[in-house]
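Q: Could you take me on a close tour of the sheet in this protein? I'd like to know how its strands are ordered and paired, and how that part sits within the chain as a whole.

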Amino acid sequence: MISEFLYAKIHRATVTEANLDYVGSITIDKALLKEVGIKKNQKVEILNINNGERFSTYVIEGKENSGIICLNGAAARKAQVKDKVIIVAYAMMTFEEQENFEPKIAHVDENNKLITI
């Protein structure tokens, strides 16, 4: 049997931009993506700590070490600049695979710079 499990998480990132005039997605600093193993175009779930919104979108790579967390298109209506968000990716695994799998969880500072994995 296959089920969906936590694969990676960027915890308490700060929204740096909201660009309504773009065709949907979230732009994330390439350095953060590398650290947790999230890939461009991968589906992610965004959890807005400030207002409780939860929504799914896909990832666009942002400039490496820029600290960018930009909600694009319709997602820009779900958060404001400076909101704190949790970015979560899931993966399909068997229960046996999951037993030996450790998700990568990145904790970032207010400038979206890595503190710990």
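A: Happy to! A good place to start is with the contacts: among those in the chain with a separation of 6 or more, 81% are between residues 24 or more positions apart. Please keep in mind that this is a predicted model.

Here is the setting for the sheet. The chain holds two helices and nine strands. Read from the N terminus, the elements follow the pattern β-β-β-α-β-β-β-β-α-β-β.

Now to the sheet itself. Nine strands form an open sheet with mixed pairing, and their order across it is E2-E6-E3-E5-E4-E7-E1-E8-E9. The edges are strand E2 (17–19) and strand E9 (114–116), each of which pairs on one side only. On average, neighbouring strands of the sheet are turned by 35 degrees against each other, with direction ignored.

Let's look at E1 with its two neighbours. Strand E1 covers residues 2–14, and strand E7 covers residues 84–94; the two pair in the antiparallel sense over ten bridges. If you want a spot to find in the viewer, go to Ile10, whose bridge partner in E7 is Ile87. E1 also pairs with strand E8 (residues 104–108), here in the parallel sense and over four bridges. Within that pairing, Lys9 stands opposite Ile105 in E8. As a general reminder while you look along a strand, side chains in a regular strand alternate between the two faces of the sheet.

Elsewhere in the sheet, strand E4 (residues 43–48) meets strand E5 (residues 54–62). These two strands pair in the antiparallel sense over five bridges. Val44 is a handy marker here, as Val44 stands opposite Thr57 in E5.

Finally, let's step back to the whole chain. The C-alpha trace spans about 40 × 25 × 25 Å along its principal axes. The radius of gyration is 14 Å, which agrees with the value near 13 Å that a compact globule of 117 residues would have. Of the 117 residues, 43% count as buried, where the cut-off for buried is under 20% relative accessible area. The accessible surface of the chain comes to about 6,700 Å², and carbon and sulfur atoms make up 48% of that surface.

Methods:
Residues are numbered from 1 along each chain as its sequence is written. This is a predicted model: local features need pLDDT of at least 70, side-chain atom pairs count only at pLDDT 80 or more; totals for chains, interfaces and linings use all residues. Side-chain values use heavy atoms; hydrogens and water are left out. Two strands pair if DSSP finds at least two bridges between them. Axes are lines fitted to C-alpha atoms, for helices over the stretch in contact, and angles run from 0 to 180 degrees between N-to-C directions. The radius of gyration is taken over C-alpha atoms; the globule rule is 2.2 Å times the number of residues to the power 0.38. Buried means under 20% relative accessible area, exposed over 50%, partly exposed in between (1.4 Å probe, protein chains only). Contact means heavy atoms within 4.5 Å. Accessible areas come from the Shrake-Rupley method with a 1.4 Å probe; for residues, only the protein chains shown count as cover.
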